[in-house]
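Grab a pencil and open the viewer. Try each task yourself before you read the solution below it.

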Amino acid sequence: MTELKNDLFLRACLRQDVERTPVWMMRQAGRYLAEYRATRLRAGGFLNLCRSPELCSEVTLQPIDILGADAAILFSDILVVPEAMGMELTFGAGEGPKFPDPITCRADVEKLPVLTDPTRELGYVMDAVSMIRRDLQGRVPLIGFAGSPWTLATYMVEGGGSKNFSKVKAMMFNEPETMHLLLEKLADSVAAYLNGQIASGAQAVQIFDTWGGILTTRDYKEFSLQYMQRIVEQLTRENDGRRVPVILYSKGGMGWLEAMADTGCDVLGLDWSIDIDVAKARVGDRVALQGNMDPTMLYAKPERIRAEVKDILARFGHGNGHVFNLGHGITPDVPPEHAIEFFKAVREESVRYHG
């Protein structure tokens with residue numbers, strides 16, 4: 001593989017010395033960019049784009065060129081895993097993801113296979129990872145990712161997005177053994193999937209637990225966190241002679257940071273509901289922290305965005321172990337020039353906290 005020219009992100013994830021705070025952004029390859037929309041139009045739809053390694057590489061690299069991000073993140077979707085397990089997945093125009101035949105009972109769970117060979121079952125993703133690494137030419141590291149078992153299960157049982165998660169919670173309460181079987185299968189499938197991404201060239205991986213925050217503390221630990229830990233324990237942690245950092249992100253899960261740090265991950269992704277100095281005081285130097293500007297701050301004027309960046313940097317303070325990011329993904333109607341200003345502000349304002 002080509003020598004890595006900018007390894008700030010990897011060093012920060014491992015709490016090593018850096019010259020400035022690295023920055024990337026969740027959903028940084030997305031609809032706010034005209035370049036992305038043009039590529040998606042050429043693909044003829046979202047899933048077609050996900051299944052084209054060439055186009056995935058193209059959109060993954062767009063924010064590296066436009067924003068100057070310190071890391072690239074694989075362009076894909078978390079729901080390719082249940083699709084590879086045999087569930088039909090659709091994305092209608094202007095709609096979110098749909099599973100027309102959702103899981104309703106134990107028999108549905110029992111017939112789901114565990115993914116064991118990602119090069120066979122999700123080969124197009126592995127091809128995309130390899131192609132992106134080649135096309136990056138060592139400019140920045142590549143992050144792979146997957147959804148958490150709980151988050152995947154919510155879509156598989158609900159049949160898509162949900163406001164109250166009544167179906168998945170009813171299964172969790174009424175048929176906990178069925179839910180645990182589903183989560184076990186998903187955890188082992190996700191572990192194999194992420195290991196496939198690492199073998200194909202991913203230099204860090206993130207587990208997105210988008211819906212962990214809808215659970216109580218008891219249920220989060222039983223139905224979400226323990227399965228993320230099951231994944232972490234199975235992951236290959238070295239690539240190209242370097243450690244592969246593992247990032248856990250639970251939206252709405254800021255009450256459980258200490259328990260998340262106990263999983264053995266390297267980095268905790270923070271949403272915007274907690275001040276970063278408070279999070280840092282709670283976990284100390286056990287893990288690095290990623291985050292955590294409110295994504296809606298990108299609607300503000302450039303000078304307000306810069307002020308917010310300065311405040312978050314000041315709250316984290318001097319020292320290592322901070323990867324600047326949003327507390328969730330960038331929204332589609334943010335002006336690209338505001339995202340550019342965000343990245344510029346982090347690069348310029350963070351230098352004073354290092355060296």
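Here come five exercises on this structure, which is a predicted model.

**Exercise 1: the sheet**

Work out in which order the strands of the open sheet lie, and which of them stand at the edges.

*Solution.* Start with the general idea: strands of a sheet pair through backbone hydrogen bonds, either parallel or antiparallel. Now walk across the sheet. You pass 7 strands in the order β1-β4-β5-β8-β9-β10-β11, and the pairing is parallel. Next, look at the two ends of that walk: β1 (72-73) and β11 (322-323) each have a single partner strand, so one side of each has no neighbour in the sheet.

**Exercise 2: strand β4 and its partners**

Find out how β4 is paired with β1 and with β5, then decide whether β4 is enclosed or open to the outside.

*Solution.* Take the β1 side to begin with. Here 2 bridges hold the pair in the parallel sense, and isoleucine 73 has isoleucine 143 of β4 as its bridge partner. Now switch to the β5 side. Strand β4 (residues 142-147) and strand β5 (residues 204-209) also run parallel, joined by 5 bridges. Two spots to check on screen are phenylalanine 145, whose bridge partner in β5 is glutamine 206, and glycine 147, which stands opposite phenylalanine 208.

Last step: burial. A residue counts as buried under 20% relative accessible area. On one side of β4 you have Leu142, Gly144 and Ala146, on the other Ile143, Phe145 and Gly147, and all of these are buried. That makes 6 of the 6 residues, so β4 is largely enclosed by the rest of the structure.

**Exercise 3: two helices side by side**

Describe how helices α2 and α4 are arranged relative to each other.

*Solution.* For two packed helices you want the angle between their axes and the distance between the axes. For α2 (residues 34-43) and α4 (residues 53-67), the axes come within 10 Å and cross at roughly 170°. Angles over 145 degrees count as roughly antiparallel, and α2 and α4 are therefore roughly antiparallel to each other. The contact involves Glu35, Tyr36, Thr39, Arg42 and Ala43 from α2, and Leu55, Glu58, Val59, Gln62 and Ile66 from α4.

**Exercise 4: two loop residues**

Locate valine 23 and asparagine 325, and say whether each is buried or exposed.

*Solution.* Valine 23 sits in the loop between α1 (8-13) and α2. With 1% relative accessibility, valine 23 counts as buried. Among its contacts beyond the nearby sequence are Ala69, Phe324 and Val346. Glycine 327 is 304 residues away from valine 23 in sequence, yet their C-alpha atoms are 12 Å apart in space.

Asparagine 325 is in the loop between β11 and α16 (336-349). Its relative accessibility is 0%, so asparagine 325 counts as buried too. Its side chain reaches the backbone oxygen of tryptophan 24 at 3.4 Å, and its contacts also include Met25, Gln290 and Phe342.

**Exercise 5: reading an annotation**

Compare the make-up of residues 22-31 with that of residues 143-159.

*Solution.* An unreviewed UniProt entry places the feature "domain: Uroporphyrinogen decarboxylase (URO-D)" at both stretches. Residues 22-31 are 0% helix and 0% strand, with end C-alpha atoms 23 Å apart. Residues 143-159 are 59% helix and 29% strand, and their end C-alpha atoms lie 28 Å apart.

Key:
Residues numbered from 1 in each chain as written. Predicted model: local features only at pLDDT ≥ 70, side-chain atom pairs only at ≥ 80, totals over all residues. Heavy atoms only, no water. Pairing = 2+ DSSP bridges. Helix = DSSP H or I, 4+ residues; strand = E, 2+ residues; numbered from the N terminus. Buried < 20%, exposed > 50% of the residue type's maximum accessible area, 1.4 Å probe, protein only. Polar contact = N/O pair within 3.5 Å; in protein donor to acceptor, adjacent residues only side chain to side chain. Contact = heavy atoms within 4.5 Å. UniProt positions renumbered as here; feature names shortened; annotations may be inferred. Axes fitted to C-alpha atoms, helices over the stretch in contact; angles between N-to-C directions. Parallel < 35°, antiparallel > 145°, perpendicular 65-115°, else oblique. Lists of a residue's contacts leave out its neighbours within four places in sequence.
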